[in-house]
Amino acid sequence: MNMSSYANCISGTIPSSSEVQAEKGISLNTQTCPTRIRPKTMSSAASIVRRTINHRPKDNGGSVKVALRLRPRNSEELENDADLTDYVELLPEMKLLRLRKNNWDYEEFEFDEVLDETVSQKEVYDVVMKPVVKAVLEGYNGAVIAYGSAGTGKTFTLANLGKENYADRGVMVRSIEDILDDFSFGQDSVSVSYLQLYLEAVKDLLAPEKGNLAITEDPETGDISLPGATSVELKDRTSFLDLLTAGDANRNLPDSKMNIESTRSHTLLLVEVRKTVKGKQGKYLTASYDGGVSLQTSISNDALTIKKSKLWIVDLAGSEIRENKSGNEGLSFDEAKFVNLSLTALGRSFHAFAEGASRTSLIITIGPSLRHKVDTRNSILFGQRAMKAENMRRVKDDFDYETLCRDLQAKVDQLTAENERQSNLVFDAEKRLKRITEEVELTIQKSERQAKALLEESHAKILLIQKENMESIKKLKQECHQLEKDLNENTRKFCTQNECVALEKTQIEDEISRKQQEMEECLQEYHRELSDIIARIDKECIQRQSVERRLKELEDQMKARKRNLNVPK
């Protein structure tokens with residue numbers, strides 16, 4: 001459900017599927033939902049514009065933070081207010097709002113935050129709720145209150161569960177998500193109560209059968225509490241959504257002409273946060289016991305500091321000033337009367353409320369229609385009065401003395417048990433030592449007897465071994481003498497053999513030299529004979545050629561003669 005469908009939702013109109021947008025980057029059609037509602041151009045005759053300026057008082061760090069949120073126009077307003085003059089103008093960058101009186105006069109109001117109709121649920125949470133949640137996690141109390149006339153989007157801003165569109169989650173769901181993200185299982189706890197104030201009676205929405213709950217005040221601390229209210233410890237976001245769904249089913253939701261789904265009751269979500277941190281250094285606790293024994297324990301090491309904080313998220317009923325405007329009669333008239341009575345009391349006592357050790361943020365929701373200008377202006381003035389209130393914040397640190405006492409008693413019991421255990425250990429050790437001593441003495445006597453027998457046996461073995469060694473040494477000496485003799489003989493033979501080998505080597509070398517010389521001589525003789533043969537062959541070749549020439553000449557002469565003989569005469 002996006003911001004444009006948000007206007008239809010709180011007026012009872014079902015949004016179309018095309019109106020579902022992402023949580024970031026929301027784009028609105030300026031024809032159906034204008035980005036800013038500006039007054040019409042003033043007459044040129046009005047040369048001087050009169051205005052009444054309501055500036056935000058100087059903030060000393062403890063003031064109630066007030067944010068104003070403008071609901072976009074719904075389809076009914078776009079149709080019926082088309083001919084009416086615009087009444088509201090927002091200047092978010094200057095954190096200003098202007099209410100127009102006429103063409104030349106308007107009122108100007110300054111707030112801590114001014115959120116126009118294009119602002120997403122996440123942006124509202126970041127600027128309004130997130131600082132309060134951070135303070136709660138640091139140990140401060142915190143409160144966020146939505147104030148405005150019926151149909152301006154208080155419940156959408158605070159309690160929307162985001163079932164149709166995850167991005168439309170209200171500050172209730174988002175704050176629990178941040179708190180659980182900082183949650184340490186086993187040490188911290190987060191519990192919630194969901195209540196309704198209707199016809200001056202407090203109803204437990206998580207257990208409606210309880211009836212009207214009593215409100216009590218601690219005379220010492222001044223803390224306000226509802227002892228009978230159901231408090232459920234949370235483990236995850238899903239369980240919280242289930243609780244809100246069950247609680248919303250038990251709310252009183254009568255219809256009125258202002259908004260067919262507007263509730264005529266105040267709803268309160270109380271979130272109690274308990275965080276465990278280490279104790280501060282330098283603090284000690286001394287406990288005395290019978291017999292003058294004292295035990296000093298350092299809180300920084302053994303005690304736990306519990307930071308307790310509460311977060312109130314309040315969805316107020318519609319702040320219509322005139323009962324007949326909502327068309328209520330009978331029981332509805334009584335509802336409106338009690339609602340306006342409680343809202344008036346809230347406005348008168350806002351300073352006292354702000355002194356409740358909490359960081360407080362107020363969301364003023366308004367609509368853009370000129371027809372509701374009286375309620376719009378009264379909501380704005382309520383926000384201006386709230387901005388003058390100041391918070392006196394303090395961290396509520398409690399030492400868990402019960403846990404500390406239990407820890408000290410546990411330590412005493414532990415030390416006593418340890419002392420008894422040590423005494424029993426010493427007695428048992430003495431018994432074991434005596435038994436072990438006797439066993440050791442018997443073992444020593446037995447070992448001495450065994451050692452004596454082993455010594456005698458070893459002495460006999462040593463004598464036998466010495467005798468065997470003497471015989472072995474004598475035999476080894478004889479073998480060594482024979483080996484020396486054999487070695488000398490072999491050496492002499494080896495020398496003789498070497499001399500023979502050297503002689504034979506010399507003879508062989510001489511023979512080889514002689515053979516080489518003979519071979520060289522044979523080669524030389526062979527070369528000489530070969531040369532002679534070649535010379536004779538050459539000579540014979542020449543002679544043969546000469547003979548062949550001579551034979552050829554003879555053959556030619558014979559052929560010539562033959563021809564001559566054959567010639568006829």
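Which residues of β3 are buried on one side, and which on the other? In this predicted model, Val-88 and Leu-90 are buried on one side of β3. Glu-89 and Leu-91 are buried on the other. Both faces of the strand are thus covered.

Now look at what lies beside β3. This strand spans residues 88-91. Its partner is β4, and the two run antiparallel. Four bridges join them. Two of the pairings can be traced by name. Val-88 has Leu-99 of β4 as its bridge partner. Leu-90 is bridged to Leu-97, also in β4.

Follow the chain from β3 into β4. The two strands form a hairpin, with four residues between them. Lys-95 stands out in this hairpin for its backbone: Lys-95 takes a positive phi near 55 degrees.

Next comes β4 itself, which covers residues 96-102. How much of this strand is buried? Five of its seven residues are, so β4 is mostly covered.

The chain then turns again. A hairpin of two residues links β4 to β5. Strand β5 takes in residues 105-110. Here too the pairing is antiparallel, and six bridges hold the match between β4 and β5. One named pair is Arg-100 with Tyr-106, its bridge partner in β5. β4 therefore pairs with β3 and with β5, since two strands pair when at least two bridges are found between them.

Leave the strands and move to two helices. Helix α5 runs over residues 171-181, and helix α6 over residues 237-249. Their axes come within 10 Å. They cross at roughly 150 degrees. Why do the two helices count as roughly antiparallel? Angles over 145 degrees fall in that class, so α5 and α6 are roughly antiparallel to each other. The crossing of α5 past α6 is right-handed.

Which residues meet where the helices touch? From α5 come Met-172, Val-173, Ile-176, Glu-177 and Leu-180. From α6 come Arg-237, Phe-240, Leu-241 and Leu-244. Seven residues of this contact are nonpolar and two are charged. No polar residue takes part.

Conventions:
Residues are numbered from 1 along each chain as its sequence is written. This is a predicted model: local features need pLDDT of at least 70, side-chain atom pairs count only at pLDDT 80 or more; totals for chains, interfaces and linings use all residues. Side-chain values use heavy atoms; hydrogens and water are left out. Buried means under 20% relative accessible area, exposed over 50%, partly exposed in between (1.4 Å probe, protein chains only). Axes are lines fitted to C-alpha atoms, for helices over the stretch in contact, and angles run from 0 to 180 degrees between N-to-C directions. Angles under 35 degrees count as roughly parallel, over 145 as roughly antiparallel, 65 to 115 as roughly perpendicular and the rest as oblique. A crossing is left-handed if the near helix is turned anticlockwise from the far one by less than a right angle, and right-handed if clockwise. Contact means heavy atoms within 4.5 Å. Ala, Val, Leu, Ile, Met, Phe, Trp, Tyr, Cys and Pro count as nonpolar, Asp, Glu, Lys and Arg as charged, and the others, Gly among them, as polar.
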